[in-house]
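Visitor: I'd like to learn how people decide what to call things in a protein model. Could you walk me through one?

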Amino acid sequence: MYFAGVDLAWATANPTGVAVLDADGALVHICAGRDDSSVLAALWPYTAGPCRVAFDAPLVVTNPSGQRPAETALNRDFRAFEAGAHPVNTGKPEFADGPRAARLAGALGLDMDPFSAGPRRAIEVYPHAATVALFRLSRTLKYKTKPGRGVEQLKSELLQLMYDIEGLENTRTPLRVTGHGDWLSLRRQVQAAGRKCELRRAEDPIDAVVCAYVALYAERRPSDITVYGDFATGYIVTPTLPAALHPDRPLIDRRKHLDEIDHGRQRGAARVAPFDQRGDHRTVDRADQGAHQFDAHGPAGSLDGLGNRLGTLA
């Protein structure tokens, strides 16, 4: 089984990062593409059989304006960590003809339902939220180009992200990147960068590795994953935000604690088991929201995908 990550540009004019991990969490492919054909060409060798492809881009968008319930729920948990998601709706030109990620997933024949038990699936992920949860960050790393951020700051933050990614090799769900020559070349490229555009070229493949790891993590540790939203209105899958993590109380030696904080405690939105192979999910109708799926075998007092508490099902 392969786990792929796609840091997908919403429009084909911008670069897209692609990364693929094998079943042991070892990086086997990393590259950048631009148009759909180049992205598909990078993915096809790894998606003919069982696979999970994690897109950092919307797969399901149905709302004509505003933001999806998924963004509302995720932002409730992650905004304080400066990891809130941008609003997505069909009124944006990028989604007028449907999400690009959905077209790619369709071309690959992937099941986009996060609750599916199928062997070949696509999920939507969000690297900023994932890195906060995985690396116990009090704020997101500032490696994205924004006004007021200089080259040295961007380089330092991007190298920190790479360092944190490399540190996942020693966790319960290992990610192994340092044995891949292209990753080492990418690190040298970042270290030598003197311009923002040079860092920008490295950023997308690095984010794609985070996406691929979330796909692996969701498969290996489904009880430590939160699904914000649902398949009907759109969703985002991310490692659950640790209850012990607080934006005003950073963990001093956070790498030492990468695998020590209990993900089992709820906060904000629901933890559900999106990749539960039993496939036993039910739909609950609520007056103030649409239908939401969750694992019917979960404990009493579980939460649905919007963070609302549900009663026990008979």
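Guide: Sure, let's start with one residue: His128 touches Ala83, Thr140, Leu141, Tyr143 and Lys144, leaving aside residues up to four places away in sequence. Keep in mind that this is a predicted model.

Visitor: What makes those touches count as contacts?

Guide: A contact means heavy atoms within 4.5 Å. His128 is in contact with Ala83, Thr140, Leu141, Tyr143 and Lys144, not counting residues up to four places away in sequence. His128 itself sits in helix α4, which covers residues 127-135.

Visitor: Why is His128 called buried?

Guide: Its relative accessible area is 16%, and buried means under 20%. So His128 counts as buried.

Visitor: And how do you know whether Arg136 is buried or exposed?

Guide: Same recipe! Arg136 has a relative accessible area of 2%, and the cut-off for buried is under 20%, so Arg136 is buried. You'll find Arg136 in the loop between α4 and α5. Arg136 also has a positive phi of about 55°, although it is not a glycine.

Visitor: What about Glu82: why is it called partly exposed?

Guide: Glu82 comes out at 42% relative accessibility. Buried is under 20% and exposed is over 50%, with partly exposed in between, so Glu82 counts as partly exposed. Glu82 is in the loop between α2 (69-78) and α3 (100-108). Glu82 has a positive phi too, about 60°, although it is not a glycine.

Visitor: What makes Arg200 partly exposed?

Guide: Arg200 has a relative accessible area of 31%. Since partly exposed lies between 20% and 50%, that is the label Arg200 gets. Arg200 belongs to helix α7. Here's a fun one: Arg200 and Pro15 are 185 residues apart in sequence, but their C-alpha atoms are 9.3 Å apart in space.

Visitor: How much of the protein is buried?

Guide: Buried residues make up 54% of the 314 residues.

Visitor: Let's do helices. Which angle do α5 and α6 pack at, and why is the pair called roughly antiparallel?

Guide: Helix α5 (residues 151-167) and helix α6 (residues 181-192) pack at about 155°, with axes 9 Å apart. Angles over 145 degrees count as roughly antiparallel, so α5 is roughly antiparallel to α6. The crossing of α5 past α6 is left-handed. On the α5 side, the contact includes Leu158, Leu159 and Met162, and on the α6 side it includes Trp183, Leu186 and Val190.

Visitor: What kinds of residues make up that contact of α5 with α6?

Guide: Eight are nonpolar, one is polar and three are charged. Leu and Trp count as nonpolar, and among the contact residues are Leu158 of α5 and Trp183 of α6.

Visitor: Why are α5 and α7 called roughly parallel, then?

Guide: The axes of α5 and helix α7 (residues 196-220) come within 11 Å and cross at roughly 25°. Angles under 35 degrees count as roughly parallel, so α5 and α7 get that name. Their crossing is left-handed. Among the residues in this contact are Val151, Leu154 and Leu161 of α5, along with Leu199, Ala202 and Ile206 of α7. The contact of α5 with α7 divides into 11 nonpolar, no polar and three charged residues.

Visitor: One last thing: how many helices and strands are there?

Guide: The protein has seven helices and nine strands.

Key. Residues are numbered from 1 along each chain as its sequence is written. This is a predicted model: local features need pLDDT of at least 70, side-chain atom pairs count only at pLDDT 80 or more; totals for chains, interfaces and linings use all residues. Side-chain values use heavy atoms; hydrogens and water are left out. Helices (H or I, at least four residues) and strands (E, at least two) are DSSP runs, numbered from the N terminus. Buried means under 20% relative accessible area, exposed over 50%, partly exposed in between (1.4 Å probe, protein chains only). Axes are lines fitted to C-alpha atoms, for helices over the stretch in contact, and angles run from 0 to 180 degrees between N-to-C directions. Angles under 35 degrees count as roughly parallel, over 145 as roughly antiparallel, 65 to 115 as roughly perpendicular and the rest as oblique. A crossing is left-handed if the near helix is turned anticlockwise from the far one by less than a right angle, and right-handed if clockwise.
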